[in-house]
Amino acid sequence: EWLHTPYKGCSRLKGCGCDCLTFVAGVYINVGLLPKDLPIPEVYSMNAGQHVETTQYIDGIGTYFSEIPESEAKAGDIVMYKLDKAFAHSALIVEWPNYIIHALVRHGVHGSHGTAEPILRNKPRRFFTIREGN
């Protein structure tokens, strides 16, 4: 349902606008696996986040998700990519690595291959699954 949602930083509205963080959060909120009042930083930037050594994004993911090895990644899990200096790009796994869904500035929410899309190719990756009881 989120496919073709335009990219709009810090927005979390299916069909209207989202970024990579708010897309993943929005999906989990909409299916009832994360709280509706989930705090998301009001001030963050894809560009600033990836060009600064920070763990803010990973730390936030770690609040509700557990890290897993790539070999265990399945539909509904999250893959985080290190772009430049930080793990600052997230995607929802549909079938790893053949199909992920994520939001990019130029494309909005779209599906792609998890390792073949040029911006993601050869980037370090970490994988996360939702903790039971969230």
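In this predicted model, Thr129 touches Tyr64, Phe65, Ser66, Ile68, Lys74 and Asp77, leaving aside residues up to four places away in sequence. Thr129 belongs to strand E8, which covers residues 125–130. Its relative accessibility is 16%. The cut-off for a buried residue is under 20%, so Thr129 counts as buried.

One of these partners, Phe65, also takes part in an aromatic pair. The search of the whole structure returned three such pairs. In one of them, the ring centres of Tyr28 and Phe65 lie 5.0 Å apart. Their planes meet at 85°, so the arrangement is edge-to-face. The pair connects distant parts of the chain. Tyr28 sits in helix H1 (residues 20–30), Phe65 in strand E3 (residues 65–68), and 37 residues separate them. Tyr28 is buried, at a relative accessible area of 5%. Phe65 is buried too, with a relative accessible area of 5%. Phe65 is therefore a buried residue that is in contact with Thr129 and is paired with Tyr28.

Another pair is formed by Trp96 and Phe127. Here the ring centres are 5.0 Å apart and the planes stand at 75°, so this pair is also edge-to-face. It too links distant parts of the chain, over 31 residues. Trp96 lies in the loop between strand E5 (86–95) and strand E6 (99–104), whereas Phe127 is in strand E8. Both Trp96 and Phe127 are buried. Strand E8 thus contributes Phe127 to an aromatic pair and holds Thr129. A further ring is approached by a charged side chain. Arg126 lies over the face of Phe87, at 5.2 Å from the ring centre.

The loop that carries Trp96 has a further feature. The peptide bond from Trp96 to Pro97 is cis, with omega near -10°. Pro97 is placed in the loop between E5 and E6. Those two strands form a hairpin, with three residues between them. E5 and E6 run antiparallel and are joined by three bridges. Within this pairing, Leu92 has Ile101 of E6 as its bridge partner.

E6 also pairs on with the strand that follows. Five bridges connect E6 to strand E7 (residues 108–112), again in the antiparallel sense. One of the bridge partnerships involves Ala103, whose partner in E7 is Val109. E6 and E7 form a hairpin as well, with three residues between them. E6 is thus paired with E5 and with E7. How enclosed is E6 by the rest of the structure? Five of its six residues are buried, so E6 is largely enclosed.

Two residues other than glycine adopt a positive phi. Cys10 has a phi of about 65° although it is not a glycine. Cys10 lies in the segment before strand E1 (12–13). With a relative accessible area of 39%, Cys10 is partly exposed. Asn122 likewise has a positive phi of about 65° without being a glycine. Asn122 is found in the loop between E7 and E8. Its relative accessible area is 72%, and Asn122 is therefore exposed.

At the level of the whole chain, the model contains three helices and eight strands. From the N terminus on, the elements follow the order β-β-α-α-α-β-β-β-β-β-β. The radius of gyration is 13 Å, close to the 14 Å that the globule rule gives for 134 residues. The chain is therefore as compact as a globular protein of that length. Along its principal axes, the C-alpha trace spans about 35 × 30 × 30 Å.

Buried residues account for 42% of the 134 residues in the chain. Among contacts with a separation of 6 or more, 50% are made by residues 24 or more positions apart. The pair of Tyr28 and Phe65 has a separation of 37 residues, and that of Trp96 and Phe127 has one of 31. The chain exposes about 7300 Å² in total, and carbon and sulfur atoms supply 53% of this area.

Technical notes: Residues are numbered from 1 along each chain as its sequence is written. This is a predicted model: local features need pLDDT of at least 70, side-chain atom pairs count only at pLDDT 80 or more; totals for chains, interfaces and linings use all residues. Side-chain values use heavy atoms; hydrogens and water are left out. Helices (H or I, at least four residues) and strands (E, at least two) are DSSP runs, numbered from the N terminus. Buried means under 20% relative accessible area, exposed over 50%, partly exposed in between (1.4 Å probe, protein chains only). Contact means heavy atoms within 4.5 Å. Rings of Phe, Tyr and Trp (its six-membered ring) pair if their centres lie within 6.5 Å; planes under 30 degrees apart count as stacked, over 60 as edge-to-face and the rest as tilted. A charge sits over a ring if NZ of Lys or CZ of Arg is within 6 Å of the ring centre and within 35 degrees of the ring normal. Two strands pair if DSSP finds at least two bridges between them. The radius of gyration is taken over C-alpha atoms; the globule rule is 2.2 Å times the number of residues to the power 0.38. Accessible areas come from the Shrake-Rupley method with a 1.4 Å probe; for residues, only the protein chains shown count as cover.
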